[in-house]
Amino acid sequence: SAVARAALQMAQTTESTSVFNHSVRSYLFGELLAAHDGLRPHSAYDPETLFLGCVLHDLGAGTAAAGKERFEVEGADLAATLLTEHGCERQVVD
């Protein structure tokens with residue numbers, strides 16, 4: 001989706017390669033855990049929301065963060081802005 005592509009671009013262009021790769025691996029690991037636990041995508045969880053949460057979870061460690069707040073707060077704010085600008089539902093942004 002457009003928001004998934006925007007999330008990937010933001011993470012890849014503002015985070016170090018190792019942090020970006022960690023974020024993508026987190027998503028893949030989450031999908032593996034869900035499958036292992038018998039959770040079905042689209043019924044037990046939304047795979048795009050999982051993807052967005054994983055890919056965006058370390059934005060505060062990248063260059064887009066101002067460094068004035070704790071990295072997790074700045075990262076959450078950056079992610080919320082991106083998701084809101086792409087029309088995501090409040091539940092996804094939260």
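Accessible areas here come from the Shrake-Rupley method with a 1.4 Å probe; for residues, only the protein chains shown count as cover. The model is predicted: local features need pLDDT of at least 70, side-chain atom pairs count only at pLDDT 80 or more, and totals for chains, interfaces and linings use all residues. Numbering runs from 1 along each chain as its sequence is written, and side-chain values use heavy atoms, without hydrogens and water.

**Exercise 1. Describe the fold and overall dimensions of the chain.**

Step 1. Take the secondary structure from DSSP runs: helices are H or I over at least four residues, strands are E over at least two, and numbering starts at the N terminus. The chain has five helices and zero strands. Its pattern along the sequence is α-α-α-α-α.

Step 2. Check the radius of gyration, taken over C-alpha atoms, against the globule rule of 2.2 Å times the number of residues to the power 0.38. For 94 residues, a compact globule would have a value near 12 Å; the chain has 13 Å, which agrees.

Step 3. Add the extents. The C-alpha trace spans about 40 × 30 × 25 Å along its principal axes.

**Exercise 2. Characterise the surface and charge of the chain.**

Step 1. The accessible surface is about 6,000 Å², and carbon and sulfur atoms account for 56% of this area.

Step 2. Sort residues by relative accessible area: buried is under 20%, exposed is over 50%, and partly exposed lies in between (1.4 Å probe, protein chains only). Of the 94 residues, 36% count as buried.

Step 3. Count charges, with Lys and Arg positive, Asp and Glu negative, and His and the chain ends not counted. Place each charge at NZ of Lys, CZ of Arg, CG of Asp or CD of Glu. There are 6 positive and 13 negative side chains, and the centres of the two sets are 2 Å apart.

**Exercise 3. Trace the packing around helix α3.**

Step 1. Helix α3 covers residues 47-56, and its buried residues are Pro-47, Phe-51, Leu-52, Cys-54, Val-55 and Leu-56.

Step 2. Use contact in the sense of heavy atoms within 4.5 Å. The buried residues of α3 pack against α1 (2-14), α2 (17-36), α4 (71-85) and α5 (90-93).

Step 3. Define a nonpolar core as a set of buried Ala, Val, Leu, Ile, Met, Phe, Trp, Tyr and Cys residues joined through side-chain atoms within 4.5 Å. The largest one has 21 residues, and Leu-56, Leu-59, Leu-82 and Leu-83 have the most contacts inside it. Helices α1, α2, α3 and α4 each supply at least two of its residues. Helix α1 gives the most, with six. In soluble globular proteins, nonpolar side chains tend to be buried together.

Step 4. Look at Leu-56. Beyond neighbours within four places in sequence, Leu-56 touches Ala-7, Ala-79, Leu-82 and Leu-83.

Step 5. Widen the view to the chain. Among contacts with a separation of 6 or more, 59% join residues 24 or more positions apart.

**Exercise 4. Is Ser-23 buried or exposed, and which residues is Ser-23 in contact with?**

Step 1. Ser-23 sits in helix α2.

Step 2. Ser-23 is buried, because its relative accessible area is 0%.

Step 3. Leaving aside neighbours within four places in sequence, its contacts are Glu-15, Cys-54, Val-55, His-57 and Asp-58.

**Exercise 5. Examine the backbone at His-42.**

Step 1. His-42 lies in the loop between α2 and α3.

Step 2. Its phi is positive, about 75°, although His-42 is not a glycine. Most residues other than glycine have a negative phi.

Step 3. His-42 counts as exposed, because its relative accessibility is 68%.
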